[in-house]
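Trainee: Got a minute to go through this model with me? I'd like to start with the odd backbone spots.

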Amino acid sequence: MKLTRHSGGPVLTPVKHHGWENRTVFNCGVAQHDGKIILLYRAQGTHSDVSRLGYAESLDGIHFERAPEPVFSPAAPTEALGVEDPRLTFLEGRWQMLYTAWSPGNIQVALASTEDFRTWNRHGVVLPGPDNKDAALFPGKVGGRYVMFHRIPPAIWLAYSDDLLHWGDFQRIMEPRPGLWDALKLGAGGPPIETPEGWLVIYHGVDRDRVYRLGVALLDRDDPARVLHWPEQPILEPEEPWELNGDVPNVVFTCGTAEVGDEYYVYYGGADKVIGLATGRKDQLLQFAMSG
Ligand code: BMA
């Protein structure tokens, strides 16, 4: 099974007259809020490598209106080099955003929360570096605790918490698979999706040629450290010109999925420069996940 690309090409591209997003717009967290699909996306201008987060909203998931200014920018020494790759989960009555906080020599996981995507409570670094990223919160407690994915190279890990701020009980759950397309390193995509069969994870894998592809796995509902199914084939790989060439070549990279009717809408960065959309029937993706 492969995801199907939206036929109109990327749904979001850099804007020439916005200095903060005239070079790249890519990896985006996804929220479904007030009948809209909202993307909080990573953006860079040509004047610096620092990433900020832009806001775009849509009624149909395809045509987006964007805010003229970033809605979240670096505001602490821990994120002096940029705020990157947000993942959004609704918990405790607010949108919780885990993101990569980048500062010299340190890549850490930070948390901020919001009700309106404009005003933020910044909770600071929740997982220290020197190299920890690709963090996403599960959409509910499991066994009475909050759970998150994170990535200490090269594997996907879980961490648990009672209050979203203090994390522990770290568990390494998905390792690179020698000889396959995810042989070098892995990272979770967006929050896992709850299904009757378990937690559906869409993740990225990197091979020795540094090609980024997307794949799926299914985790046990009650003990997500148990990987139940893990097919060998990817569900999306760079093929389009704007996935093969951009700011970083050969990359498809997701931070979130929306559920629209009987389909998943997977939003992803193409070559670290534009945002694409690929969709798949829910039943087919779950069946594929369980085939591995
Ligand atoms: C990863 C992250 C992503 C990026 C990818 C490909 O390490 O930094 O934000 O999309 O590399 O460059």
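**Backbone first, then the ligand**

Mentor: Sure: L164 is found in the loop between strand 12 and strand 13 (168–174), where strands are DSSP runs (E, at least two residues) numbered from the N terminus, and helices are H or I runs of at least four. This is a predicted model, where local features need pLDDT of at least 70, side-chain atom pairs count only at pLDDT 80 or more, and totals for chains, interfaces and linings use all residues. Residues are numbered from 1 along each chain as its sequence is written, and side-chain values use heavy atoms, with hydrogens and water left out.

Trainee: What phi does L164 have?

Mentor: A positive one, about 75°, although L164 is not a glycine. Most residues other than glycine have a negative phi, and most peptide bonds are trans.

Trainee: Which residues does a cis peptide bond join?

Mentor: One joins G129 and P130, with omega about 15°. P130 is in the loop between strand 9 (120–127) and strand 10 (133–137). Another joins P153 and P154, with omega about 5°, and P154 sits in the loop between strand 11 (146–152) and strand 12 (155–161).

Trainee: How many helices and strands does the protein have?

Mentor: 2 helices and 21 strands.

Trainee: And what radius of gyration does the protein have?

Mentor: It's 17 Å, which agrees with the value near 19 Å for a compact globule of 292 residues. That's taken over C-alpha atoms, and the globule rule is 2.2 Å times the number of residues to the power 0.38. The C-alpha trace spans about 45 × 40 × 40 Å along its principal axes.

Trainee: Switching topic: which residues are around the ligand?

Mentor: N27, R42, D85, K133, Y212, V248, V251, F253 and D272, counting a residue if one of its heavy atoms lies within 4 Å. By class, that shell has 4 nonpolar, 1 polar and 4 charged residues. Ala, Val, Leu, Ile, Met, Phe, Trp, Tyr, Cys and Pro count as nonpolar, Asp, Glu, Lys and Arg as charged, and the others, Gly among them, as polar.

Trainee: Which polar side-chain atoms lie 2.6 Å, 3.1 Å and 3.2 Å from an oxygen atom of the ligand?

Mentor: D85 has one at 2.6 Å, K133 has one at 3.1 Å, and Y212 has one at 3.2 Å. Taken alone the ligand exposes 310 Å², and the protein buries 85% of that; the areas come from the Shrake-Rupley method with a 1.4 Å probe.

Conventions
A polar contact is a pair of N or O atoms within 3.5 Å; within protein, one must be able to donate a hydrogen and the other to accept it, and residues adjacent in sequence count only if both atoms are side-chain atoms.
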